[in-house]
Amino acid sequence: MAKLSDLQALMEAKFTDNVDTICKKCGELQSACVCATLHTIKERDSYFLGINEEKASGKDITKCGIFFESKTAMQEILKETKKKLSCGGSLEQSAEGFWLILQGRHKEALKTLLKARKFKFKK
């Protein structure tokens, strides 16, 4: 007959298998997931941002990036720009960094806001 402590030890044992699950954010396997990768954070004067006005689903958007900032810093920048420009927007995470996407045409206004935060732009 098994002892009570042996049965408790078996019940508390954690069994794992090495099955690769699918990431809920990006749809890739966990081993190839880009969501969990940490982005390199660079100094603001060491890289240049590109800014474009595009059409997406028949609507005008302004896309700016690639930002090499932390996620919390990007959320703060997004919040401030949405408030100042009175528009909607979101962050898009890529393998290299973050893209700032705003609804509407805000190229020049966004450029002046980000220059005040010490960002540089491509010509």
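The exercises below, each with a worked solution, concern a predicted model.

**Exercise 1.** Determine how helix 2 and helix 3 are oriented towards each other, and which residues meet where they touch.

*Solution.* Begin with the axes: those of helix 2 (residues 71-85) and helix 3 (residues 107-116) come within 11 Å and cross at roughly 135°. Helix 2 is therefore oblique to helix 3, and the crossing of the two helices is right-handed. Next, list the residues on each side: helix 2 contributes Ile77, Glu80, Thr81, Lys84 and Leu85, which meet Ala109, Leu110, Leu113 and Leu114 of helix 3. Sorted by class, this contact between helix 2 and helix 3 has six nonpolar, one polar and two charged residues.

**Exercise 2.** Identify the residues that touch the most other members of the largest nonpolar core, and the elements that supply this core.

*Solution.* The core has 20 residues, of which Leu49, Cys64, Phe67, Leu110, Leu114 and Phe119 touch the most other members. Two or more residues come from each of strand 1 (48-56), strand 2 (59-67), helix 2, strand 4 (98-103) and helix 3, and helix 2 gives the most, with four residues. For a closer view of one member, take Leu49: leaving aside neighbours within four places in sequence, its contacts include Cys64, Phe67, Leu114 and Phe119.

**Exercise 3.** Decide whether Ser94 is buried or exposed, and state what surrounds this residue.

*Solution.* Ser94 lies in the loop between strand 3 (89-93) and strand 4. The relative accessible area of Ser94 is 16%, and since buried means under 20%, Ser94 is buried. Leaving aside neighbours within four places in sequence, Ser94 is in contact with His39, Ile66 and Trp99.

Terms used: Residues numbered from 1 in each chain as written. Predicted model: local features only at pLDDT ≥ 70, side-chain atom pairs only at ≥ 80, totals over all residues. Heavy atoms only, no water. Axes fitted to C-alpha atoms, helices over the stretch in contact; angles between N-to-C directions. Parallel < 35°, antiparallel > 145°, perpendicular 65-115°, else oblique. Left-handed = near helix turned anticlockwise from the far one by under 90°. Contact = heavy atoms within 4.5 Å. Nonpolar A, V, L, I, M, F, W, Y, C, P; charged D, E, K, R; others polar. Core = buried A, V, L, I, M, F, W, Y, C linked by side-chain atoms within 4.5 Å. Buried < 20%, exposed > 50% of the residue type's maximum accessible area, 1.4 Å probe, protein only.
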